[in-house]
Amino acid sequence: MKLNNKRTLLIGLAFFSICAFWQMYDNIVPLILKYRYGISDGASGYIMALDNVLAIFMLPIFGALSDKKGTRMPFILLGTAAAVILTIGLSFAKSFWVFFAMLGLLLIAMGIYRSPAVALMPDVTPKPLRSKANAIINLMGALGGVYTLAMTWVLVKGSAADNPSYLPLFISVAALMAISVAVMRATTDEKKFKAEAAAINDALDAETAAKYDTPIGAGHKLPPDMLRSLMLILFSVAFWYMGYNAVTTAFSRYATEMWGQNVSGASTCLMVATVGAVISYIPIGALSSRIGRKRTILIGVAVLAVCFLLAALVATSFSPALYIVFMLVGFAWAAINVNSYPMVVEIATGSDVGKYTGYYYTFSMAAQIATPIISGQLLQHAGYHTLFPYAAIMVAISFVTMALTRHGDSKPEKKNKLEAFNVDD
């Protein structure tokens with residue numbers, strides 16, 4: 001059984017566009033709120049959590065709706081079209097309340113198609129190959145982030161405090177979103193690809209049902225031990241997102257206040273982390289096939305916690321040595337992201353993939369609702385030095401919950417050394 005790499009790359013264009021947008025959102029919106037509209041760090045934390053408040057309701061709903069409809073593509077196309085228009089329109093907002101209203105509509109547009117876009121990968125990929133496929137999908141997402149960070153460096157001039165024009169950046173990201181999804185739509189035969197994967201997954205689901213001597217599928221309850229593992233995986237997702245998202249959401253402000261870096265300088269640090277993830281995704285996908293998803297995640301969680309702890313204890317001022325730490329952050333986040341979503345949908349049957357995708361995003365978004373608020377209050381009232389210790393503690397907790405998980409892992413593959421390089425077009 002081989003992964004169709006070309007097909008996975010094309011499907012990954014949707015996630016490529018999504019990550020390009022969220023990189024822009026996380027980096028630029030906090031700066032606009034703080035320096036253009038004078039919003040405090042605490043209030044900014046609440047505003048930055050709104051996308052996750054919307055997502056916690058919208059993503060499970062639209063994941064389930066796309067399950068029921070039996071196709072993801074209409075949701076992807078509609079959401080992308082609306083998001084492209086609103087992203088460009090956001091640049092022309094003259095007052096905070098106009099900006100806030102347009103931002104709300106933009107977040108709704110993103111919520112319409114995020115779950116369907118993510119669920120498309122497990123739809124068309126046999127279960128044993130989902131970690132490898134997710135490595136490619138996350139690679140595409142990371143490249144989307146790199147694109148936005150590069151465009152930020154090229155197109156945004158001056159310090160954030162000088163309130164530069166973000167219109168060129170917004171246009172470049174919107175154009176990327178439109179082109180990416182248009183290419184994906186033109187090259188993806190969703191119905192055919194889904195049927196091919198479903199034939200394999202149905203046989204695997206039947207084996208699982210026989211093992212537990214109970215039906216496992218749409219409308220049936222999971223056995224208690226599988227449900228326990230599902231909840232542990234989901235709580236692990238919540239905790240590591242609480243740590244990681246606290247850093248990504250506040251980092252542009254942290255770098256400005258603590259290290260005296262401008263927007264481009266902060267973007268460079270994040271780009272190093274993203275490059276670290278990019279070069280790690282494919283090797284980590286292969287590693288996961290050999291040692292399992294759970295072990296790979298635990299390695300990533302441990303490295304991430306140590307990196308945040310080092311940033312807390314050592315990085316009182318900016319040093320080029322920090323680039324090594326950010327490179328390791330990228331590796332660690334890749335190890336986690338490649339495997340966490342496949343662990344959740346491994347427990348699902350084909351007819352429930354959208355619903356389980358919704359579960360995954362419910363917990364990740366709930367974490368990202370809480371963490372900008374908590375970390376924002378800490379930044380405002382205790383100081384910016386609290387950011388990395390907070391992140392390290394949250395990630396360390398996720399190590400414990402993941403270590404207790406017993407299901408959703410992949411069986412290590414037995415293969416010769418050359419097979420890992422096979423490509424099926």
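**Notebook: a walk through the helices**

**Serine 280.** I started with serine 280, which sits in helix α11 (residues 263–291). The model is a predicted one, I note for myself. Is serine 280 buried or exposed? Its relative accessibility is 9%, so serine 280 counts as buried, given that buried means under 20%. Next I looked for a polar partner of its side chain. A polar atom of the serine 280 side chain lies 2.6 Å from the backbone oxygen of glycine 276. Then I checked what serine 280 touches, leaving out residues up to four places away in sequence, and found Phe331 and Ala334.

**Cores.** I moved on to the nonpolar cores. How many residues does the largest one have? I got 124 residues, and the ones with the most contacts inside this core are Phe99, Trp240, Phe251, Leu304 and Phe308. Helix α10 gives the largest share of this core, 17 residues. Another core, of 11 residues, lies apart from it, and Leu139, Ala277, Val278 and Tyr281 are among its members.

I picked leucine 304 for a look at its neighbours. Skipping residues up to four places away in sequence, leucine 304 touches Tyr244, Val329, Ala332, Trp333, Ile336 and Val395.

**Helix α15.** Val395 turned up again here, as one of the buried residues of α15. The others I wrote down include Leu387, Phe388, Tyr390, Met394 and Met402. Which helices help cover the buried residues of α15? I found that the cover includes α10 (224–259), α12 (293–313), α13 (322–346) and α14 (353–381).

I also did a length check on α15 (residues 387–403). With 17 residues at 1.5 Å a residue, the helix should span 24 Å, and its end C-alpha atoms are 25 Å apart, so the two agree.

**Helix α5.** I ran the length check on α5 (residues 73–90) too. This helix has 18 residues and reaches 26 Å from its first C-alpha to its last, close to the 26 Å expected. Its buried residues include Met73, Phe75, Ile76, Leu86 and Leu90, and I also noted Gly79, Thr80, Thr87 and Gly89 among them.

**Cysteines.** Last page: how many disulfides are there? My search of the whole structure came back with 0. I still looked at two cysteines. Cysteine 19 has 18% relative accessibility, so it counts as buried, under the 20% cut-off. Cysteine 307 has 2% relative accessibility, and therefore counts as buried as well.

Conventions
Residues are numbered from 1 along each chain as its sequence is written. This is a predicted model: local features need pLDDT of at least 70, side-chain atom pairs count only at pLDDT 80 or more; totals for chains, interfaces and linings use all residues. Side-chain values use heavy atoms; hydrogens and water are left out. A disulfide is a pair of cysteine sulfur atoms within 2.5 Å. Buried means under 20% relative accessible area, exposed over 50%, partly exposed in between (1.4 Å probe, protein chains only). Helices (H or I, at least four residues) and strands (E, at least two) are DSSP runs, numbered from the N terminus. The expected span of a helix is 1.5 Å times one less than its number of residues. Contact means heavy atoms within 4.5 Å. A polar contact is a pair of N or O atoms within 3.5 Å; within protein, one must be able to donate a hydrogen and the other to accept it, and residues adjacent in sequence count only if both atoms are side-chain atoms. A nonpolar core is a set of buried Ala, Val, Leu, Ile, Met, Phe, Trp, Tyr and Cys residues joined through side-chain atoms within 4.5 Å.
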